[in-house]
Amino acid sequence: MGNAVLTILRDHGIVRDDLPLPRQMYALHALLVGFGNVMADPAAAGPLNIDDPQTALADTVHLLLEPPRDPAARVVAQAAEEVRARFTEIHGNLLELVAAGAAGTR
């Protein structure tokens, strides 16, 4: 799901596309997992504790994803519609999997 959405956002220039998609997704995933782990166990940060870890996360995500210029509102709206359509497709696929599993036809 993340690859599908990030691809749409990259295609519209809403997020950076100067890194290979797999590397960008890996970095984002590692960042979010690490942040979650440290938030769940602050001692895991060791001597690196700060007063506002959310700002550090936001700054890092900004550097990883945001392009140098803000996209036009019409571009954002078009991308949002494509993301909504992709989520609808994924949702439908998941419902089919659940139904098949419940029916024992998986």
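## Helix packing, core and pocket

The buried residues of helix H1 are covered by elements that include H2, H3 and H4. This is a predicted model. In H1, the buried residues are Ala4, Val5, Leu6, Ile8 and Arg10.

**Arg10 and the end of H1**

Arg10 sits in helix H1. Its relative accessible area is 14%, under the 20% limit, so Arg10 counts as buried. Beyond residues up to four places away in sequence, Arg10 touches Val15, Arg16, Asp17, Leu19, Pro20, Leu21 and Gln24. Arg10 and Ala79 are 69 residues apart along the chain, yet their C-alpha atoms are separated by 9.5 Å.

Just after H1 comes Gly13, with a positive phi of about 75 degrees. His12 lies in the loop between H1 and helix H2 (21-40). Is His12 buried or exposed? His12 counts as buried because its relative accessibility is 18%, and the cut-off for buried is under 20%. Leaving aside neighbours within four places in sequence, His12 is in contact with Val75, Gln78, Ala79 and Glu82.

**Helix H4**

Helix H4 covers residues 73-103, 31 residues in total. From first C-alpha to last, H4 reaches 45 Å, close to the 45 Å expected at 1.5 Å a residue. Val75, Ala79, Val83 and Ile90 are buried in H4. Why can residues set apart in a helix share a face? An α-helix has 3.6 residues a turn, so residues three or four places apart point the same way. Helix H1 (2-11) is among the elements that cover the buried residues of H4. After H4 comes Gly104, whose phi is positive, near 75 degrees.

**The core**

The largest nonpolar core has 13 residues. Those with the most contacts inside this core are Leu6, Ile14, Val15 and Leu65. Helices H1, H2, H3 and H4 each give two or more residues to the core. What does Ile14 contact, leaving aside its neighbours within four places in sequence? Ile14 is in contact with Leu9, Leu65, Pro67, Pro71, Val75, Val76 and Ala79.

**Thr60 in H3**

Thr60 has its place in helix H3 (residues 53-65). Thr60 counts as partly exposed because its relative accessibility is 35%, and that class lies between 20% and 50%. Thr60 and Leu31 are 29 residues apart in sequence and 8.4 Å apart in space, C-alpha to C-alpha.

The residues whose accessibility is given here are listed below.

| Residue | Place | Relative accessibility | Class |
|---|---|---|---|
| Arg10 | helix H1 | 14% | buried |
| His12 | loop between H1 and H2 | 18% | buried |
| Thr60 | helix H3 | 35% | partly exposed |

**The largest pocket**

How is empty space found? Rolling a probe the size of a water molecule over the atoms shows where it is left. The largest pocket has a volume of about 310 Å³. Its lining has 14 residues, and the closest to the pocket centre are Phe35, Val38, Ala45, Leu48 and Pro53. H2 and H3 each supply at least two lining residues. Which element gives the largest share of the lining? H2 does, with five residues. By class, the lining has eleven nonpolar residues, three polar residues and no charged residues.

Notes
Residues are numbered from 1 along each chain as its sequence is written. This is a predicted model: local features need pLDDT of at least 70, side-chain atom pairs count only at pLDDT 80 or more; totals for chains, interfaces and linings use all residues. Side-chain values use heavy atoms; hydrogens and water are left out. Helices (H or I, at least four residues) and strands (E, at least two) are DSSP runs, numbered from the N terminus. Buried means under 20% relative accessible area, exposed over 50%, partly exposed in between (1.4 Å probe, protein chains only). The expected span of a helix is 1.5 Å times one less than its number of residues. Contact means heavy atoms within 4.5 Å. A nonpolar core is a set of buried Ala, Val, Leu, Ile, Met, Phe, Trp, Tyr and Cys residues joined through side-chain atoms within 4.5 Å. On a 1 Å grid over the protein atoms alone, a cavity is a set of points where a 1.4 Å probe fits but cannot get out, and a pocket is an open set with protein on both sides within 12 Å along at least five of seven lines; lining residues have an atom within 4 Å of a point. Grid points are joined across faces, edges and corners, and a volume is the space filled by probe spheres set on the points. Ala, Val, Leu, Ile, Met, Phe, Trp, Tyr, Cys and Pro count as nonpolar, Asp, Glu, Lys and Arg as charged, and the others, Gly among them, as polar.
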